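Let's take a walk through this one together. Have the sequence and the 3D view side by side and follow along.

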Amino acid sequence: MEQITLPASHQAHGTITLPGSKSISNRTLLLAALAKNQGQSEHTIIRNLLDSDDTARMLDALRTLGVEIEQLDVNDWRITATGGNFPTKNADIFLGNAGTAFRPLTAALAFADGNYILRGVPRMHERPIGDLVDALRQVGANIEYLENEGFPPLKISPATIDTSQPIKIRGDVSSQFLSALLMALPLTKQDATVQVIGELISNLILKLR
């Protein structure tokens, strides 16, 4: 059985170059907001951010959550770290049709100890999110469907999180569900084991410590 162990990292600094996709751009924005100041700079500067509706929705959502964001140039942004402790604990967030924002924010807010509504355009409410919600509920996340089971909009409330049991998530549906879970789990400050199940990535175990 294949396993990957991801030990805790206490600091990171430097410059990296990434492709300019919607998915990577929004993951970068969220990770910058979730970062924690460890005596280094409390900011992450993102240059040449993809200009798209998805990234605009993520930027708007982070502002709504109280994240300090400064536009330095046309596509350059400075994001202030929150350590996952978003200043705004009650918010109704509209994400349009931005699945690349909706999925990772669902996971992050599930561990953010606040009351949040995530909604979008009617088409967004037709895009399934049940596999991610099921995975988050396994550790105690308090997530409700406001309309149809398995689909947005969602209501997220404070919860008691326990990652002592393996978290099972399908790997043959969307890589964004798995990446959303992996980005958010460090916020629990608990060791976690993720078991990815599916034809594309079978019997892969990820241990976060």
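What follows goes from one helix to its surroundings, then to salt bridges and strands. Keep in mind that this is a predicted model.

Start with helix α2, which covers residues 53-64. Does its length make sense? Well, what span should its 12 residues have? At 1.5 Å a residue, they should span 16 Å, and the end C-alpha atoms are indeed 16 Å apart, so the expected and modelled values agree. Once you come off the end of α2, look at the backbone of G66: just after the helix, G66 takes a positive phi of about 95°.

Now, which residues of α2 are buried? The list is D54, T55, R57, M58, L59, A61 and L62. As for what lies over them, the cover includes two helices, α1 (22-34) and α3 (99-110), along with the strands β3 (69-71), β4 (77-80) and β5 (90-94).

One of the residues to look at around here is T100, which sits in helix α3. Is T100 buried or exposed? Its relative accessibility is 10%, and buried means under 20%, so T100 counts as buried. Its side chain has polar company, too. There's a polar contact of 2.5 Å with the side chain of D54, and another of 2.9 Å with the side chain of N26. D54 is itself on the list of buried residues in α2. Leaving aside residues up to four places away in sequence, T100 touches K22, S23, N26, D54, M58 and Q176.

Back to α2 for its charged side chains. How many salt bridges does the whole structure have? A search finds eight, and R57 is a good place to pick up the trail. R57 forms a salt bridge with D53, with the closest N and O atoms 2.6 Å apart. R57 also forms one with D60, where the closest N and O atoms are 2.8 Å apart. The spacing in sequence is worth a look. D53 and R57 are four residues apart in α2, about one turn of the helix, while R57 and D60 are three residues apart, again about one helical turn. Why does that spacing suit a pairing of side chains? An α-helix has 3.6 residues a turn, so residues three or four places apart point the same way.

Zoom out a little and you'll see that D53, R57, D60 and R63 are linked in a network of salt bridges. How covered are these residues? R57 is buried, given its relative accessible area of 18%. D53, at 43%, counts as partly exposed, and so does D60, at 33%.

Another of the salt bridges joins R170 to D172, with the closest N and O atoms 3.1 Å apart. Here R170 is partly exposed, at 41% relative accessible area, and D172 is partly exposed as well, at 31%.

Finally, turn to the strands. Strand β8 (residues 154-157) pairs with β6 (residues 115-119) in the antiparallel sense, over three bridges. To find the register, look for Y116, whose bridge partner in β8 is I156. β8 is also joined to β7 (residues 142-145), with four bridges and again an antiparallel run. On that side, E144 has K155 of β8 as its bridge partner. As you trace these partners, remember that in a regular strand the side chains alternate between the two faces of the sheet.

Note on methods
Residues numbered from 1 in each chain as written. Predicted model: local features only at pLDDT ≥ 70, side-chain atom pairs only at ≥ 80, totals over all residues. Heavy atoms only, no water. Expected span 1.5 Å × (residues − 1). Buried < 20%, exposed > 50% of the residue type's maximum accessible area, 1.4 Å probe, protein only. Contact = heavy atoms within 4.5 Å. Polar contact = N/O pair within 3.5 Å; in protein donor to acceptor, adjacent residues only side chain to side chain. Salt bridge = Lys/Arg side-chain N within 4 Å of Asp/Glu carboxyl O. Pairing = 2+ DSSP bridges.
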